[in-house]
Amino acid sequence: MPHLYETDGATIYLHSFATIRAEADLARFTPEEEVVAVRMIHAAGMVGLEQHIRFTPGMAVAARAALEAGAPILCDARMVSEGITRPRLPAGNAVICTLHDPEVPELAGAMGNTRSAAAVELWRPHLEGAIIAIGNAPTALFHLLNLLEDPATPRPAAIIGCPVGFIGAAESKAALMAAPPCPAMAVEGRLGGSAIAVAAVNALASRKE
Ligand SMILES: C/C1=C2N=C(/C=C3N=C(/C(C)=C4\N[C@@](C)([C@@H]5N=C1[C@](C)(CCC(=O)O)[C@H]5CC(=O)O)[C@@](C)(CC(=O)O)[C@@H]4CCC(=O)O)[C@@](C)(CC(=O)O)[C@@H]\3CCC(=O)O)C(C)(C)[C@@H]/2CCC(=O)O
C-alpha cells in the first residue's frame with residue numbers, strides 16, 4: 001500500500017500555520033510581531049518557542065520599514081543568507097555574508113577570535129541602517145555588540161539575535177536584550193539556529209500570511 005500524504009504545498013502551509021495559531025500562545029504579540037513568531041515556530045516545528053521570543057517595542061515595524069527602504073541584510077552564516085527567500089524582499093535588498101571572505105581566516109588569527117567574529121569586522125561599511133540576522137554564532141553577536149559600544153559605529157536598523165547552542169548563545173542574547181543598541185529581537189536561552197533566524201527575516205520581509 002502506498003503512503004497517503006498531503007501533496008499540495010499551499011495546503012501544507014495553510015494547515016501548518018492554522019495549527020500553530022490554534023496551539024501557540026500568541027496573545028502578547030502585536031500583529032506585526034505575531035507573523036514573525038508564527039514563522040519562527042513553523043521553522044522550529046516547536047509550539048512553545050513563542051515563550052522565548054522577545055522584541056524591543058516597535059522592532060518589527062522598524063525592521064519592515066528598513067527592508068522597504070532597501071536595507072541590506074547582514075548574515076553571520078551562509079546557512080542564514082541562503083535561506084532568505086529573495087522574491088519576498090521588498091526592495092531587492094542585498095543579502096551579505098562575509099564569513100567565507102578570503103580575508104577572514106587571517107583576520108580571525110590576528111584578532112584571536114573565531115571566523116564568525118572576524119567576519120563581523122567586514123560588515124562595517126554596510127552597518128548603517130542594515131538588518132542583522134545572526135542564527136548561528138554567539139561570537140558574532142558578542143563582537144557586534146562590542147563594536148556598537150563605540151558611539152561612532154554606525155547603527156543598524158534592527159538586530160535579529162538567534163545564535164544557538166551551549167557556549168555563549170544565551171549570554172550574547174541576554175546582553176543584546178539588556179541594552180539593545182538599536183531595535184532588536186531574540187530567542188532567549190540556548191534555543192535558536194539559522195532556520196529560525198531566516199524565518200524571522202522572511203516574515204519581516206513579507207506581507208501578513
Ligand atoms: C562553536 C560553533 C558552533 N556551531 C554551531 C552549530 C552549527 N554550526 C554549523 C556549521 C556548518 C558552521 N558553524 C560555523 C559557524 C562554526 N561553528 C562554531 C564556530 C567554531 C564558532 C562560532 C561561535 O562560537 O560563535 C564556527 C567557526 C568559526 O570560526 O566561526 C562554521 C563556519 C564552521 C565551518 O563550516 O567552518 C559553519 C557555518 C557555515 C555557513 O553556514 O556559512 C552546523 C550546521 C554544524 C553541524 O551540525 O554540522 C550547526 C548549524 C546550527 C545553525 O542552526 O546554524 C553552534 C551550536 C552554534 C556552536 C556555537 C555554540 C556552542 O554551544 O558551541
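**Exercise 1. The covered helix**

Task: Identify the residues of helix 7 that are buried in this predicted model, and state what covers them.

Solution.
Step 1. The buried residues of helix 7 are Pro138, Ala140, Leu141, His143, Leu144, Leu145, Leu147 and Leu148.
Step 2. Helix 7 spans residues 138-148, and eight of its 11 residues are buried, so the helix is mostly covered under the cut-off of 20% relative accessible area.
Step 3. The cover over these buried residues includes three helices, namely helix 5 (104-111), helix 6 (115-121) and helix 8 (169-178). Strand 4 (131-134) and strand 5 (158-161) are also among the covering elements.

**Exercise 2. The chain as a whole**

Task: Describe the overall build of the protein chain, beginning with its secondary structure.

Solution.
Step 1. Nine helices and six strands make up the secondary structure of the protein chain.
Step 2. The radius of gyration is 17 Å, and the globule rule gives 17 Å for 209 residues; the chain is therefore as compact as a globular protein of that length.
Step 3. Along the principal axes, the C-alpha atoms fill a box of roughly 60 × 40 × 35 Å.
Step 4. Of the 209 residues, 48% count as buried.
Step 5. Consider the contacts between residues at least 6 apart in sequence: 64% of them join residues at least 24 apart.
Step 6. The accessible surface comes to about 10000 Å², and carbon and sulfur atoms account for 57% of this surface.
Step 7. The chain carries 15 positive and 21 negative side chains, and the centres of these two sets lie 2 Å apart.

**Exercise 3. The nonpolar cores**

Task: Determine which residues of the largest nonpolar core touch the most other members, and which helix gives the most to this core.

Solution.
Step 1. The largest nonpolar core has 49 residues. Those that touch the most other members are Val36, Met40, Ile53, Ile73, Ile131, Ile160 and Met185.
Step 2. The helix that gives the most to this core is helix 9 (residues 194-205), with nine residues.
Step 3. A second core, separate from the largest one, has 20 residues, including Leu74, Ala130, Ala137 and Cys182.
Step 4. Ile53 serves as an example of a core residue. Beyond four places in sequence, Ile53 touches Arg28, Phe29, Ala37, Met40, Met185, Ala186 and Val187. Met40 and Met185 also appear in the list of Step 1.

**Exercise 4. Three residues to classify**

Task: Decide whether Asn202, Gly193 and Ser116 are buried or exposed, and give the contacts of each residue.

Solution.
Step 1. Asn202 lies in helix 9. Its relative accessible area is 6%, which is under 20%, so Asn202 is buried. Beyond four places in sequence, Asn202 touches Arg39, Gly83, Ile84, Thr85 and Arg88.
Step 2. Gly193 is in the loop between strand 6 (184-187) and helix 9. With a relative accessible area of 9%, Gly193 is buried. Its contacts beyond four places in sequence are Gly135, Cys162, Pro163 and Val164. Gly193 and Asn136 are 57 residues apart along the chain, yet their C-alpha atoms are separated by 5.4 Å.
Step 3. Ser116 belongs to helix 6. Its relative accessibility is 16%, and Ser116 therefore counts as buried. Apart from neighbours within four places in sequence, Ser116 is in contact with Leu99, Ala137, Thr139 and Ala140. Ala140 is one of the buried residues of helix 7, and Ala137 is included in the second core.

**Exercise 5. Two residues of helix 2**

Task: Classify Glu32 and Ala43 by relative accessibility, and state what each of them touches.

Solution.
Step 1. Glu32 is found in helix 2 (residues 31-44), and the place of Ala43 is also in helix 2.
Step 2. The relative accessible area of Glu32 is 39%, which lies between 20% and 50%; Glu32 is therefore partly exposed. Ala43, at 37%, likewise counts as partly exposed.
Step 3. Setting aside residues up to four places away in sequence, Glu32 touches Ala60 and Val61. Glu32 and Gly58 are 26 residues apart in sequence, with a C-alpha to C-alpha separation of 8.8 Å.
Step 4. With neighbours within four places left out, Ala43 is in contact with Ala195, Ile196 and Ala199. Ala43 and Ala200 are 157 residues apart in sequence and 9.3 Å apart in space, C-alpha to C-alpha.

Methods: Residues are numbered from 1 along each chain as its sequence is written. This is a predicted model: local features need pLDDT of at least 70, side-chain atom pairs count only at pLDDT 80 or more; totals for chains, interfaces and linings use all residues. Side-chain values use heavy atoms; hydrogens and water are left out. Helices (H or I, at least four residues) and strands (E, at least two) are DSSP runs, numbered from the N terminus. The radius of gyration is taken over C-alpha atoms; the globule rule is 2.2 Å times the number of residues to the power 0.38. Buried means under 20% relative accessible area, exposed over 50%, partly exposed in between (1.4 Å probe, protein chains only). Contact means heavy atoms within 4.5 Å. Accessible areas come from the Shrake-Rupley method with a 1.4 Å probe; for residues, only the protein chains shown count as cover. Lys and Arg count as positive and Asp and Glu as negative; His and the chain ends are not counted. The place of a charge is taken as NZ of Lys, CZ of Arg, CG of Asp or CD of Glu. A nonpolar core is a set of buried Ala, Val, Leu, Ile, Met, Phe, Trp, Tyr and Cys residues joined through side-chain atoms within 4.5 Å.
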